[in-house]
Each structure stands twice: as structure tokens, then as C-alpha cells.
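Subject: Structure handover

Hello,

Here is the structure we talked about. Please have it open while you read; my notes follow below.

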Amino acid sequence: MYTIYEMENMFEIGRTLEVKIRAGELDDDIDSKELFSFALKCATEFEYEYPDSDDYYADLDEFVERKIKEELK
């Protein structure tokens with residue numbers, strides 16, 4: 001089971017990935033299952049690392065950018 005916070009993270013991360021693919025910042029040939037797994041992993045890790053974020057969207061964006069550079073590029 002996932003918390004509502006993890007599910008919200010998953011949604012926002014998915015939106016970020018879609019924007020990056022459409023903008024040509026990520027390869028559009030990355031397997032969708034790989035992207036789903038990546039987003040799910042990031043969603044749970046973000047909650048662990050930022051349990052009480054004061055600036056949710058900025059923190060999430062920074063976190064996802066870092067994870068993309070580490071794992072998808």
C-alpha cells in the first residue's frame with residue numbers, strides 16, 4: 001500500500017517525466033515500465049527524504065532532477 005502523499009508524488013513525477021520527454025530532454029524510447037518503476041521509486045524515496053517539506057513543488061522538482069541525472073541519463 002502507498003500513502004496519499006506517495007501517490008501525489010507519483011502523479012507529479014509522471015507529469016515531470018512527460019514534459020521532459022516532449023521537450024526532448026529525455027529519450028522517448030525509454031520503456032514505459034522502466035519510467036513507471038523509476039517514478040514509483042522516486043515517490044517513495046522523496047517521502048523518506050523530505051517528510052515535512054516547506055516547499056513541496058520546489059523540493060520535488062530538485063529531487064527528481066537529481067534522480068534523472070543519476071539514473072536516466
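The structure holds nine salt bridges. Keep in mind that this is a predicted model. I start with the charged pairs, then go to the helices and the core.

**Salt bridges**

Lys20 pairs with Glu25. Their closest N and O atoms are 2.9 Å apart. Lys20 is buried, at 11% relative accessible area. Glu25 is partly exposed, at 42%.

Lys67 and Glu45 form another salt bridge, at 2.9 Å from N to O. This pair links distant parts of the chain: Lys67 sits in helix 3 and Glu45 in helix 2, 22 residues apart. Lys67 is buried because its relative accessible area, 9%, is under the 20% cut-off. Glu45 has 21% relative accessibility, so it counts as partly exposed.

Glu49 and Arg66 meet in a salt bridge too, with N and O 3.6 Å apart. Here again distant parts of the chain are linked: Glu49 belongs to helix 2, Arg66 to helix 3, and 17 residues separate them. Both ends are partly exposed: Glu49 has 39% relative accessibility, and Arg66 has a relative accessible area of 31%.

There is also a network. Salt bridges link Lys41, Glu45, Lys67, Glu70 and Glu71.

**A buried Glu without a partner**

Side chains of opposite charge can pair when their charged atoms come close. Which residue is buried yet has no salt bridge? That is Glu47, which lies in helix 2. The nearest side chain of opposite charge is that of Arg66, and it is 13 Å away. Leaving out residues up to four places away in sequence, Glu47 touches Tyr5, Glu6 and Asn9. Of these contacts, Glu6 and Asn9 are among the buried residues of helix 1.

**Helix 1**

Helix 1 covers residues 4-22. At 1.5 Å a residue, its 19 residues should span 27 Å. The end C-alpha atoms are 27 Å apart, so the expected span agrees.

Its buried residues are Glu6, Asn9, Met10, Glu12, Ile13, Thr16, Leu17 and Lys20. They pack against helix 2 and helix 3.

Gly14 is found in helix 1. It is partly exposed, with 31% relative accessible area. Gly14 and Leu60 are 46 residues apart along the chain, and their C-alpha atoms are separated by 12 Å.

Gly24 follows helix 1. Its phi is positive, near 80°.

**Helix 3**

Helix 3 takes in residues 56-71, 16 residues in total. How far apart are its end C-alpha atoms? They are 22 Å apart, and at 1.5 Å a residue the expected span is 22 Å, which agrees.

Tyr56, Asp59, Leu60, Phe63, Val64, Lys67 and Ile68 are buried in this helix. Seen down the axis of helix 3, the buried residues fall within an arc of 165°, so they line one face. Glu62 and Lys69, on the other side of helix 3, are exposed.

What covers the buried residues of helix 3? The cover includes helix 1 and helix 2 (32-49).

**The core**

The largest nonpolar core has 17 residues. Those with the most contacts inside it are Ile13, Leu17, Phe38, Leu60, Val64, Ile68 and Leu72. Helix 1, helix 2 and helix 3 are the elements that give two or more residues to this core. Which helix gives the largest share? It is helix 2, with six residues.

Ile68 deserves a look in the viewer. Leaving aside its neighbours within four places in sequence, Ile68 contacts Leu17, Lys20, Leu26, Phe38 and Lys73. Among these, Leu17 and Phe38 are also listed with the most contacts inside the core. Lys20 is the buried residue that forms the salt bridge with Glu25.

**To sum up**

Two points to take away. The buried residues of helix 3 line one face, and what covers them includes helix 1 and helix 2. Glu47 is buried and has no salt bridge.

Best wishes

Conventions
Residues numbered from 1 in each chain as written. Predicted model: local features only at pLDDT ≥ 70, side-chain atom pairs only at ≥ 80, totals over all residues. Heavy atoms only, no water. Helix = DSSP H or I, 4+ residues; strand = E, 2+ residues; numbered from the N terminus. Expected span 1.5 Å × (residues − 1). Buried < 20%, exposed > 50% of the residue type's maximum accessible area, 1.4 Å probe, protein only. Arc of directions from axis to C-beta. Contact = heavy atoms within 4.5 Å. Salt bridge = Lys/Arg side-chain N within 4 Å of Asp/Glu carboxyl O. Core = buried A, V, L, I, M, F, W, Y, C linked by side-chain atoms within 4.5 Å. Lys, Arg positive; Asp, Glu negative; His and termini not counted.
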